[in-house]
Amino acid sequence: MNISIDDADLLRNLRQLADKDARHAAAWALNDTAADVLKHVQDRMDQVFDRPTRFTKRAFMVWRAKPATLEAEVMERPSVGRRHSPKAQELGGQRGQTGLERLMASRLSADGQMQAAVPTAGTRLDAYGNWANAERRQAVDAVTSAAPAQAAAPTGRRPRKRAGFVIPKPGSNPSPGIWMRAPDGSISKVMHFTSVAPVYSERLGFQDGAAEVYAARLPEHLARTFERMVRRVSERA
């Protein structure tokens with residue numbers, strides 16, 4: 001979302017100050033307004049997401065306004081790249097593969113079932129509701145370091161004696177995914193493989209809420225920053 005000044009009456013009133021001073025004050029106000037919009041987005045994440053991670057809440061940033069452009073932007077961080085899905089959360093639609101899903105899709109023989117990986121009821125989760133790091137590392141290392149034949153889960157009821165994480169052979173009885181074999185020989189599924197990418201409905205409501213914050217906060221910030229600039233100019237005189 002871009003926040004810019006396009007108000008002829010306001011610009012005429014600003015001529016009581018030198019153009020460069022007025023533009024500096026306007027840039028301050030735009031940047032403060034953009035910061036309010038960013039906080040609104042982060043607060044919305046707390047409401048619509050279940051325990052959003054720090055990375056998720058930092059997915060957006062403020063590109064600051066300058067006196068020459070008078071435009072501030074609340075934008076997705078360049079570092080987010082393909083690792084995140086805020087656009088799908090905002091606009092709805094299909095989510096792309098995560099880094100973990102791309103890794104497993106390139107390393108595993110999943111018989112076309114590796115578009116997305118979805119936690120099961122048996123997945124160990126962290127405080128944010130995501131796959132716990134320790135279990136995830138163990139599982140991914142186990143199933144991606146072995147050849148498909150070595151990583152295959154048993155097709156019958158009698159499990160192998162080797163403990164650890166395995167994936168089933170294509171066409172075998174266990175459904176596609178990552179299975180954990182306990183020391184007692186029992187197996188439980190920790191990650192489900194699917195050939196269908198997750199599709200999100202619109203959830204974040206970023207743009208509508210941001211416009212409301214912009215309309216409410218910009219006049220307050222303009223009044224404050226121009227008063228500040230007037231004082232600064234008076235002190236210089």
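Start by selecting K39 and D43: in this predicted model their side chains form a salt bridge, with the closest N and O atoms 2.9 Å apart. Both sit in helix α2, and being 4 residues apart puts about one helical turn between them. Colour by accessibility and K39 comes out as partly exposed at 48%, while D43 is partly exposed too, at 32%.

Next, pick R224 and D32. Here a salt bridge closes at 2.5 Å, N to O, and the pair links distant parts of the chain: R224 belongs to helix α7 and D32 to helix α2, 192 residues apart. R224 has a relative accessible area of 37%, so partly exposed; D32, at 28%, is partly exposed as well.

Stay on α7 and show R217 with E220. The two are 3 residues apart, about one turn of the helix, and their side chains meet in a salt bridge at 2.4 Å, N to O. Add D36 to the selection: salt bridges with shared partners join D36, R217 and E220 into one network. Across the whole structure, the search finds 7 salt bridges.

Now for a ring. Zoom to W28 and bring up R228, whose charged end sits over the ring, 4.0 Å from its centre. Don't go hunting for aromatic pairs, though; the structure holds 0.

Finally, head inside. The largest nonpolar core has 28 residues, and L30, F60, V74 and F226 touch the most other members. The elements giving two or more residues to this core are α2 (19-48), β2 (60-63), β3 (71-76) and α7 (206-236), with α2 supplying the largest share, 13 residues. Last stop: a second, separate core of 13 residues, including A139, V140, M191 and F193.

Conventions: Residues are numbered from 1 along each chain as its sequence is written. This is a predicted model: local features need pLDDT of at least 70, side-chain atom pairs count only at pLDDT 80 or more; totals for chains, interfaces and linings use all residues. Side-chain values use heavy atoms; hydrogens and water are left out. Rings of Phe, Tyr and Trp (its six-membered ring) pair if their centres lie within 6.5 Å; planes under 30 degrees apart count as stacked, over 60 as edge-to-face and the rest as tilted. A charge sits over a ring if NZ of Lys or CZ of Arg is within 6 Å of the ring centre and within 35 degrees of the ring normal. A nonpolar core is a set of buried Ala, Val, Leu, Ile, Met, Phe, Trp, Tyr and Cys residues joined through side-chain atoms within 4.5 Å. Buried means under 20% relative accessible area, exposed over 50%, partly exposed in between (1.4 Å probe, protein chains only). A salt bridge is a side-chain nitrogen of Lys or Arg within 4 Å of a carboxyl oxygen of Asp or Glu.
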